[in-house]
Number of protein chains: 2
Amino acid sequence: MNRRETTKAETSEIILASAKKILLENGIVKCTMRSVAAEAGVSPASVVVHFKTKTGLIEAALHEDIEHTIMHAIAGLPEDRPLLDRLMHIWGAMFRFYDTNRNLYRELLRSTTFETDADSPHIKEQMDRFLRFLSTIVRDEQAAGNIDSRLESLVAAESLGAFYFMMLIRFIRDPEMTPAAAAAHLAKITQQFLAGIEPQLG
Amino acid sequence: MNRRETTKAETSEIILASAKKILLENGIVKCTMRSVAAEAGVSPASVVVHFKTKTGLIEAALHEDIEHTIMHAIAGLPEDRPLLDRLMHIWGAMFRFYDTNRNLYRELLRSTTFETDADSPHIKEQMDRFLRFLSTIVRDEQAAGNIDSRLESLVAAESLGAFYFMMLIRFIRDPEMTPAAAAAHLAKITQQFLAGIEPQLG
DNA sequence: TTCATAAATTAAACATGTTTAATAAAACGT
DNA sequence: ACGTTTTATTAAACATGTTTAATTTATGAA
């Protein structure tokens with residue numbers, strides 16, 4: 001890397017660290033381009049140069065945490081348990097994570113969900129990767145004879161993902177809903193689906 | 001209604017009409033609180049008084065169109081066709097509708113989807129009503145012996161709704177995706193689900 | 001009618017995301 | 001080494017959603 005490139009990378013890091021700090025300590029409302037810039041000792045325009053938009057900045061600041069939560073949940077996935085239990089292990093972890101700061105993640109979801117794939121490549125990549133992961137789980141279950149082997153595993157994975165995301169939306173929309181309640185309802189829906197794709201006897 | 005109440009209602013109508021006109025003729029980017037206020041011959045602050053936020057205004061301006069699209073699709077629902085065909089009739093109409101102005105509806109979806117139920121009661125009500133409708137369709141199919149009658153119809157309806165909404169998100173995120181392509185993919189997912197909830201023989 | 005109260009409306013100000021035009025400095029070819 | 005070009009940075013301006021405080025207007029009681 002050049003001198004130029006290194007200093008640019010360093011500046012990016014400083015801005016990102018400032019954004020994380022403010023988000024954590026003061027919340028999303030206080031996290032403005034100006035406050036982040038001030039904390040980083042840089043001009044607001046510079047924040048724009050480095051992260052393009054405020055959405056880009058927040059996405060960059062929070063994306064790692066989400067990634068980490070997913071990975072942690074996957075790492076602790078219980079072996080030798082029914083598929084529903086394993087899925088609920090992941091979904092439960094996600095709901096509890098989003099529950100730690102609902103307004104913050106509402107903002108993130110709001111500003112990223114309906115962006116163009118090109119405009120929020122992080123999200124697209126994360127979604128794709130997660131779908132592929134679900135798809136391998138489905139294939140494992142097919143191999144173990146728990147799911148009809150004629151099924152397209154990716155389509156089944158998409159269904160499971162759709163259930164989760166619908167529930168996430170409802171969870172964020174309803175502040176009264178606890179992570180446990182969201183997980184329980186999601187379990188019901190998932191259960192119905194899984195029962196349907198069990199192999200037929202005979 | 002009072003004189004006060006009537007004039008207030010009239011003002012609301014004028015503002016709403018102005019918003020619709022600008023959205024239609026100039027698009028979402030040109031639809032600002034100031035431009036709407038100017039078109040309506042009213043102050044920007046007045047728009048806030050009447051619609052609370054810009055999101056509230058846009059929601060009010062577009063909500064009817066969506067409602068109309070749904071109702072129209074439901075009214076033209078083909079009788080005596082398999083459930084999948086009937087669902088696709090609705091989904092197809094919705095995708096084609098959103099396709100008429102993707103940026104506009106992206107903005108609407110973005111600003112409403114993750115709001116609190118309390119903050120966007122319109123949306124919640126629309127979602128609930130549509131779920132109930134899907135649920136009655138499922139019950140009809142159960143009565144006709146096409147779906148396992150032990151199923152909870154509302155849960156199945158939620159699944160179908162989840163598939164649709166996931167596909168809508170993908171549709172909005174990917175500008176290259178045609179309404180037909182979105183519908184086709186959604187059909188595949190729905191098909192897999194429906195096959196699973198057919199009554200078991202014996 | 002008259003006056004006090006409540007409500008509708010607005011001008012001006014504010015906060016914030018983003019753009020523009022200018023500056024300073026590194027990179028690179030000669 | 002020198003001059004040109006590219007690039008990181010920024011100050012100032014801009015556009016827009018929203019708030020505030022003041023003004024005008026209608027309502028209802030005395």
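**Helix packing and the two-chain interface**

Trainee: What do the buried residues of helix 4 of chain B pack against?

Mentor: They pack against helix 1 (3-30), helix 2 (33-40), helix 3 (44-51), helix 5 (83-99), helix 6 (102-113) and helix 7 (121-143) of chain B. Contact means heavy atoms within 4.5 Å, and buried means under 20% relative accessible area, with exposed over 50% and partly exposed in between (1.4 Å probe, protein chains only). Helices (H or I, at least four residues) and strands (E, at least two) are DSSP runs numbered from the N terminus.

Trainee: Okay, and the ground rules for this one?

Mentor: This is a predicted model, where local features need pLDDT of at least 70 and side-chain atom pairs count only at pLDDT 80 or more, while totals for chains, interfaces and linings use all residues. Residues are numbered from 1 along each chain as its sequence is written, chains are lettered from A and ligands numbered from 1 in the order in which they are written, and side-chain values use heavy atoms, leaving out hydrogens and water.

Trainee: Back to helix 4 of chain B. Which residues are buried there?

Mentor: Among them are Leu57(B), Ile58(B), Leu62(B), Ile66(B), Ile70(B) and Ala73(B). Glu59(B), His63(B) and Glu67(B) are buried in that helix too.

Trainee: Where does helix 4 of chain B bend?

Mentor: At Leu62(B), by about 35°. The bend is the angle between axes fitted to the seven residues ending there and the seven starting there. As for length, the end C-alpha atoms are 32 Å apart, which agrees with the 32 Å that its 22 residues should span at 1.5 Å a residue. That expected span is 1.5 Å times one less than the number of residues.

Trainee: And helix 7 of chain B, how many residues has that?

Mentor: Helix 7 of chain B has 23 residues and reaches 33 Å from its first C-alpha to its last, close to the 33 Å expected. Its buried residues include Phe130(B), Leu131(B), Phe133(B), Leu134(B) and Val138(B). Just after the helix, Gly145(B) takes a positive phi of about 80°.

Trainee: What do the buried residues of helix 7 of chain B pack against?

Mentor: Helix 4, helix 5, helix 6 and helix 8 (153-173) of chain B, together with helix 8 (153-173) of chain A.

Trainee: Chain A, then. How many helices and strands are there in it?

Mentor: Nine helices and zero strands. The C-alpha atoms of chain A fill a box of roughly 70 × 45 × 30 Å along the principal axes, and buried residues make up 52% of its 202 residues. Of the contacts between residues at least 6 apart in sequence, 64% join residues at least 24 apart.

Trainee: What rotation superposes chain A on chain B?

Mentor: One of 180°, with 0.0 Å of shift along its axis (RMSD 0.1 Å). The two copies are thus related as by a two-fold rotation axis. In chain A, the C-alpha nearest that axis belongs to Gly196(A), 1.9 Å from it. The superposition is by least squares on C-alpha atoms of residues with pLDDT of at least 70 in both copies.

Trainee: How many residues does the contact take from each of chain A and chain B?

Mentor: 38 residues from chain A and 38 residues from chain B. 100% of the interface residues of chain A are also interface residues in chain B, so the copies meet through the same surface.

Trainee: What area do chain A and chain B bury between them?

Mentor: About 3,500 Å², 56% of it on carbon and sulfur atoms. In chain A, Phe114(A), Arg173(A) and Gln192(A) lose the most area to chain B, together 27% of what that side buries. Buried area is the accessible area (1.4 Å probe) that two parts lose on being put together, summed over both.

Trainee: What's the count of salt bridges between chain A and chain B?

Mentor: Eight, and a search of the whole structure finds 26 over all chains. A salt bridge is a side-chain nitrogen of Lys or Arg within 4 Å of a carboxyl oxygen of Asp or Glu. Across the interface, Arg110(B) pairs with Glu115(A), the closest N and O atoms being 2.3 Å apart. Arg173(B) and Asp117(A) also meet in a salt bridge (2.9 Å, N to O). Arg173(B) lies in helix 8 of chain B and Asp117(A) in the loop between helix 6 (102-113) and helix 7 (121-143) of chain A, so the pair joins two chains.

Trainee: Are Arg173(B) and Asp117(A) buried or exposed?

Mentor: Both are buried.

Trainee: Which residues of chain A are linked in a network of salt bridges?

Mentor: Glu67(A), Glu125(A) and Arg129(A). Separately, the side chains of Glu39(A) and Lys21(A) meet in a salt bridge (3.2 Å, N to O). That pair links helix 2 (residues 33-40) with helix 1 (residues 3-30) of chain A, 18 residues apart.
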